[in-house]
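Dear colleague,

Please find below the structure that I am handing over to you, together with its sequence. My notes on what was found in it follow directly after.

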Amino acid sequence: MKRYSATDWGLLLLRLGFAALLIGLHGWTRLGRAYNFVVHGQPWTFVDLVGRLGFPFPSVFAVLSALSESAAVALIAVGLLSRPAAAIVALAAMAILWGS
């Protein structure tokens, strides 16, 4: 049986804490609103905000933003495809900084 080091436990705690914060504060509600926008056709004010920031195809970028803050973060939390998922989250964060 493999024994895990303190570094392994620390990285796990860091990944789970990061995921809990990002999904809890942003991802969960945005993912629900994106679902309602795509499936039920309900209006979503975030699409207008993305359009005002100058992104082409604001509907697509809004849904991708919701996925980056939920699905990509969930992948980071479980340690699956961590580097590509972290790159996606970093790109979304850079887009936020670019727009402000």
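Is Leu91 buried or exposed? In this predicted model, Leu91 is exposed, because its relative accessible area is 53% and the threshold for that class is over 50%. The residue belongs to helix 5, which comprises residues 82–99. Leu91 stands 37 residues from Gly54 in sequence, and the C-alpha atoms of the two are 16 Å apart in space.

Gly54 itself comes after helix 2 and has a positive phi, near 100°. Helix 2 covers residues 45–52, and Phe46, Val47 and Val50 are buried in it. These buried residues take up an arc of only 105° around the axis, so they sit on the same side of helix 2. In general, an α-helix has 3.6 residues a turn, so residues three or four places apart point the same way. What do the buried residues of helix 2 pack against? Their partners are helix 1 (6–40) and helix 3. On the face of helix 2 turned away from the buried side, one finds the exposed residues Thr45 and Arg52.

Helix 3 may be read in a similar manner. Within its span, residues 58–68, the residues Ala62, Ser65, Ala66 and Ser68 are buried. Viewed down the axis of helix 3, the buried residues fall within an arc of 165°, and therefore they line one face of the helix.

I turn next to the aromatic residues. How many aromatic pairs does the count come to? The count comes to 4 aromatic pairs. One of them joins Tyr4 and Trp9 in an edge-to-face arrangement, with 6.1 Å from centre to centre and 80° between the planes. Both Tyr4 and Trp9 are exposed. Another pair is made by Phe37 and Trp44: the ring centres are 5.8 Å apart and the planes meet at 50°, so this pair is tilted. An angle of 50° falls in that class because planes under 30 degrees apart count as stacked and those over 60 as edge-to-face, with the rest tilted.

The two members of the tilted pair may also be described by their exposure. Trp44 is buried, as its relative accessible area is 7%, whereas Phe37 is partly exposed, with a value of 23%. The dividing value that matters here is 20%, because a residue counts as buried under that figure. Phe37 and Trp44 form one aromatic cluster together with Phe46, and Phe46 is also one of the buried residues of helix 2. In addition, Arg30 lies over the face of the Phe46 ring, at 4.0 Å from the ring centre.

Finally, some values for the chain as a whole. The secondary structure consists of 5 helices and 0 strands, and the order along the sequence is α-α-α-α-α. The C-alpha trace spans about 50 × 30 × 20 Å along its principal axes. Of the 100 residues in the chain, 23% are buried. The chain exposes about 7,200 Å², of which carbon and sulfur atoms supply 72%. Among contacts between residues at least 6 apart in sequence, 51% join residues that are at least 24 apart.

With kind regards

Note on methods. Residues are numbered from 1 along each chain as its sequence is written. This is a predicted model: local features need pLDDT of at least 70, side-chain atom pairs count only at pLDDT 80 or more; totals for chains, interfaces and linings use all residues. Side-chain values use heavy atoms; hydrogens and water are left out. Helices (H or I, at least four residues) and strands (E, at least two) are DSSP runs, numbered from the N terminus. Buried means under 20% relative accessible area, exposed over 50%, partly exposed in between (1.4 Å probe, protein chains only). Contact means heavy atoms within 4.5 Å. Accessible areas come from the Shrake-Rupley method with a 1.4 Å probe; for residues, only the protein chains shown count as cover. The arc is that of the directions from the helix axis to the C-beta atoms. Rings of Phe, Tyr and Trp (its six-membered ring) pair if their centres lie within 6.5 Å; planes under 30 degrees apart count as stacked, over 60 as edge-to-face and the rest as tilted. A charge sits over a ring if NZ of Lys or CZ of Arg is within 6 Å of the ring centre and within 35 degrees of the ring normal.
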